[in-house]
Amino acid sequence: MTKMMYRDAVLSTIMEEMARDPDVVVLGEDVVGGMGTAGGPEAIGGIWSTSTGLYDRFGPGRVIDTPISESAIVGAAAGLALSGKRPVAELMFADFIGVCLDQLWNQIAKFRYMFGGKSRCPAVIRMAYGAGFNAAAQHSQSVHQILTGMPGLKVVMPATPADVKGLLRTAIRDDDPVIFLEHKALYATSGDVPDDPDFMIPFGHARLCRAGGDVTIVSTGLLLGMCEAAADRLAAEGIGCDVIDLRTTSPLDEETILDSVEVTGRLVVVDEAPPRCGLAADLRALVAEKAFSSLKAPPLQVTPPHTPIPFARELESAYLPSVDKIEDAVRRVLAWR
Amino acid sequence: MQLSREALLNAYRAMKTIREFEERLHVEIQTGEIAGFTHLYCGQEAVAVGVCEHLGTRDRIVSTHRGHGHCLAKGCDVEGMMKEIWGSREGLCKGKGGSMHIADADKGMLGANGIVGAGAPIAVGAALASRANGPGPDGLDVAIAFSGDGACNQGTTFEAMNLAVVTQAPCIFVFENNHYSEHTGFSYAVGTDRDIASRAEAFGMKAWRADGTDFFAVHETMREVLAHVRGGGGPAAVEFDTERFFGHFEGDPQRYRGPGEIDRIRAERDCLTRFRAAVTAAGLLEHSDIDALDTQVMDTIEAAVSAARAAARPTAEDVLADVYISY
């Protein structure tokens, strides 16, 4: 095991996979950073420090710094993937999917199906998501709600450096298109990461972070920390929570959720995306259909309200899920009836 | 450069195959047997064939909603395509794509596309793959983005042209200017008093212009373009002035056409008629050579239609197949 930051787990995994497989290429805006400036290539090395040093090591053929052209970035990733490469494209902010939605939704996601199973598009599209930096409505969003609903895409949301390592390696070696969502507020967090150069975590396998038996809490990414904190507080009163990290929202590990809810009979889904037609609503429908007889209370969700993300500190705090809101939801499912 | 007799016969056969494929669809669609939206390529055959005759299977193309001609010219199987358009599970894409979504990766045909302008960035990606692979004995493999005058107004096309120049990707933007963006004229929709090629030049690439209804003009121009791009000269653009014999889609009432316009372009700017006149006048082929090919092609199309009619239909279980490689 090596202790490393979440962002370094991203960079080291890309670096290792590029060294292992010459078909892995990286592209995106400022993934080199400094091109065409006095500072020269690598003056920046990627705004998240997740591509630092790749250009110096692998050169311009495999590390392609692009203009601010999101449609061209994702489209080029599609063309590279259809032509035998394994592109890892970076969209910088997840919010920018709005610029290039056609290439994600109508192109990459649909090639294999439209073309009768005869094309292969092993593209990874990385993007940083999430609020907490007062970056307001266009640089803070959680976009898994939109992308998970697109058949043909796989959607990954790692919560720890170890999961970044295992899931990103799986993503790069996977033959289908994968959306890899990195939470901005997790980049500087640290954790132990396995040293095995082939350490991989399969998609569609959720992680049971803790078992408590009274209430099931399901979440992803940054919010898992809040769920754990709420579970700690409740444990002090003898209330036991199962906390489940989905890891991937597509494919979805239904079994781990249903197994837990069959014991607890109570579900709280905690999500950073808006409340309507999203992950939380989807999982509540899942247990309503498949674990109905086990339910002891209506499944609840803790999400932001149906609004854009506000700027001011007080407003953003009020908008986001919190430990208090999660604790309150757990108490409400326990108190029902 | 003078083409061999064999090359001339191949070119004519390819153009005639596209023509009769489309003319037959025009008839069959009216019976209601074929589902969905279909956009026919008739009139533009010299472009697809004049470009693709230069390409090998490692060269890749991306196409448009009007893609049958590009698919056939790049080597997609006539019967497989007909079956696909009929929606058969024996079709090239198992009946999942239909007219607008035909692809054949083994032939370097990365896909027709239902979204106008979506193909250009994908072609740049294919060109970047070629750039990463480096040149072979004949230079770099190339990627061709076929686009119409409609797609030349899409931001994706601008982004793609700029990215290709910035990265010096071996990508060729082939603009087929048939003077109509769906139902709107070029002179209205393209806000320049010049042409599409001048836009490409403004992005920093070399551009060519030629008559897209003259197979020999297309073929000779592409020889120059390909020498430039395969040799590492960076991306290039070509604008071919051409004609669309049918409407935007099958069923289009074409009320935007001028009086006698279709009769005129069919009489004066038919690439097949022009090809026949040129090669027979020059004594390169006899009328009887061409008549023999016409018969062959008609037989091929007839056989493809019969096969498509008889081909197995997909079943409800097929809906679930091929979303992912593994899930």
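## Strand β7 of chain B

Two strands pair if DSSP finds at least two bridges between them. With that in hand, look at β7(B) in this predicted model: Phe175(B) stands across from Glu239(B) of that strand. The pairing behind this is between β3 (residues 171–177) of chain B and β7(B), parallel in sense and spread over 6 bridges. Strand β6 (residues 206–211) of chain B also runs parallel to β7(B), joined to it by 6 bridges. There, Ala210(B) has Phe240(B) as its bridge partner.

How much of β7(B) is buried? The strand covers residues 236–241, and 6 of its 6 residues are buried. Ala236(B), Val238(B) and Phe240(B) sit on one side, with Ala237(B), Glu239(B) and Asp241(B) on the other, so to speak two covered faces.

## Helices α1 and α2 of chain B

Helix α1 (residues 5–29) of chain B packs against helix α2 (residues 45–52) of chain B at about 140 degrees, and their axes are 9 Å apart. That angle makes α1(B) oblique to α2(B). The crossing is right-handed.

From α1(B), the contact takes Ala11(B), Ala14(B), Met15(B), Ile18(B) and Arg19(B); α2(B) brings Glu45(B), Ala46(B), Ala48(B) and Val49(B). By type, that's 7 nonpolar, no polar and 2 charged residues.

## Where chains A and B meet

Chain A puts 38 residues into the contact, and chain B puts in 38 residues. On the chain A side, β3 (63–66), α3 (70–82), α4 (101–108) and α5 (111–114) each supply at least two residues. The largest share, 9 residues, comes from α3(A). Sorted by type, the chain A side holds 15 nonpolar, 15 polar and 8 charged residues.

Terms used:
Residues numbered from 1 in each chain as written. Chains lettered and ligands numbered in written order. Predicted model: local features only at pLDDT ≥ 70, side-chain atom pairs only at ≥ 80, totals over all residues. Contact = placed C-beta atoms within 7 Å. Helix = DSSP H or I, 4+ residues; strand = E, 2+ residues; numbered from the N terminus. Nonpolar A, V, L, I, M, F, W, Y, C, P; charged D, E, K, R; others polar. Axes fitted to C-alpha atoms, helices over the stretch in contact; angles between N-to-C directions. Parallel < 35°, antiparallel > 145°, perpendicular 65-115°, else oblique. Left-handed = near helix turned anticlockwise from the far one by under 90°. Buried ≥ 20, exposed ≤ 12 C-beta atoms within 10 Å, placed from the backbone.
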